[in-house]
Amino acid sequence: MTRTALGIDIVEIKRLEKISKRWGKGFMEKVYTDKELAYANSRRFPYQHLAARFAAKEAIFKALGEVETDFVGWKNIEILNDAYGKPVVHWHNEAETSRRKRNLKGAVVSLSHTENYAVASAMLVFNDKKAPRKISASSKK
């Protein structure tokens with residue numbers, strides 16, 4: 001039996017741009033892989049593409065239920081495009097370990113942006129009855 005989990009996120013592009021400029025290269029290198037940065041910087045409006053990838057990572061974290069615990073790291077989930085432009089999720093290090101532990105078969109993401117906002121949704125597909133770990137209200141304290 002397969003199970004799914006959904007996540008969605010929206011990012012204000014100007015806010016991400018402001019944060020990126022305020023915190024500089026350190027922020028960018030903490031959140032994005034070299035390939036993600038290279039792709040975005042090759043585009044006319046790089047912050048739209050960076051914001052969409054940020055939203056996709058957030059959507060995946062939400063679907064996984066990773067709000068405060070067992071965080072797999074920003075750069076360990078990489079969003080790249082295939083030869084046809086379709087966004088594809090690549091799992092690295094702690095994210096790959098977590099993916100295997102949870103019997104996560106894969107993820108499908110959809111990205112979109114306008115001049116002001118970027119949005120992403122993620123659907124995770126699990127191989128068995130194991131649902132993503134739920135975080136109870138009491139465990140957040």
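Two strands are taken to pair if DSSP finds at least two bridges between them. With that criterion in hand, the tour of this predicted model can begin at the sheet.

**Stop 1: strands 1 and 5**

Select strand 1 (3-12) and strand 5 (117-126). These two strands run antiparallel and are paired over 10 bridges. For a single point of reference, display glycine 7, whose bridge partner in strand 5 is alanine 122.

**Stop 2: strand 4 and the complete sheet**

Now add strand 4 (104-113) to the selection. Strand 4 and strand 5 are antiparallel and are joined by nine bridges. Here serine 110 may be labelled together with serine 121 of strand 5, which stands opposite. Following the backbone from strand 4 into strand 5, one passes through a hairpin of three residues.

With the three strands displayed, the arrangement is an open sheet in the order 1-5-4, with antiparallel pairing. Strand 1 and strand 4 each have a single partner strand and stand at the edges, so one side of each has no neighbour in the sheet. On average, neighbouring strands here are turned by 15° against each other, with direction ignored.

**Stop 3: the helices on the sheet**

Select helix 1 (residues 13-23) and helix 4 (residues 46-64). Helix 1 lies across strand 1, strand 4 and strand 5, and runs at about 75° to strand 1. Helix 4 also packs on the sheet, where it touches strand 1, strand 4 and strand 5. The direction of helix 4 makes about 35° with that of strand 5.

**Stop 4: the two sides of helix 1**

Keep helix 1 and show its side chains. Which residues of helix 1 are buried? They are Ile13, Leu16 and Ser20. These residues span an arc of only 65° around the axis, and therefore lie on the same side of helix 1. A general feature of helices is relevant here: with 3.6 residues a turn in an α-helix, residues three or four places apart point the same way.

The buried residues of helix 1 pack against several elements: strand 1, helix 2 (25-31), helix 4, strand 4 and strand 5. Turning the view to the face away from this buried side brings up the exposed residues Lys14, Arg15, Lys18, Lys21 and Arg22. Continuing along the chain, glycine 24 follows helix 1 and has a positive phi, near 70°.

**Stop 5: where helix 1 meets helix 4**

Two packed helices are described by the angle between their axes and the distance between the axes. The axes of helix 1 and helix 4 come within 9 Å and cross at roughly 95°. An angle of 65 to 115 degrees counts as roughly perpendicular, and the two helices are therefore placed in that class.

To see the contact itself, select Ile13, Leu16, Glu17, Ser20 and Lys21 in helix 1 together with Tyr47, Gln48, Leu50, Ala51 and Phe54 in helix 4. The residues of this contact divide into six nonpolar, two polar and two charged.

**Stop 6: histidine 49**

Remain on helix 4 and select histidine 49. Is this residue buried or exposed? Histidine 49 has 11% relative accessibility and therefore counts as buried. Leaving aside residues up to four places away in sequence, histidine 49 touches Tyr39, Ala40, Arg43 and His113.

**Stop 7: two asparagines with positive phi**

Most residues other than glycine have a negative phi. Two asparagines are therefore worth selecting with this in mind.

Asparagine 93 is not a glycine, yet has a positive phi of about 50°. This residue belongs to helix 5 (residues 93-101). With 54% relative accessibility, asparagine 93 counts as exposed.

Asparagine 103 likewise has a positive phi, near 55°. Its place is in the loop between helix 5 and strand 4. The relative accessible area of asparagine 103 is 26%, which makes this residue partly exposed.

**Stop 8: the whole chain**

Finally, restore the full view and colour by secondary structure. How many helices and strands does the protein chain have? The count is five helices and five strands. Along the sequence, they follow the pattern β-α-α-α-α-β-β-α-β-β. Of the 141 residues in the protein chain, 43% are buried. Among contacts between residues at least 6 apart in sequence, 60% join residues at least 24 apart.

Definitions and conventions: Residues numbered from 1 in each chain as written. Predicted model: local features only at pLDDT ≥ 70, side-chain atom pairs only at ≥ 80, totals over all residues. Heavy atoms only, no water. Axes fitted to C-alpha atoms, helices over the stretch in contact; angles between N-to-C directions. Helix = DSSP H or I, 4+ residues; strand = E, 2+ residues; numbered from the N terminus. Parallel < 35°, antiparallel > 145°, perpendicular 65-115°, else oblique. Contact = heavy atoms within 4.5 Å. Nonpolar A, V, L, I, M, F, W, Y, C, P; charged D, E, K, R; others polar. Buried < 20%, exposed > 50% of the residue type's maximum accessible area, 1.4 Å probe, protein only. Arc of directions from axis to C-beta.
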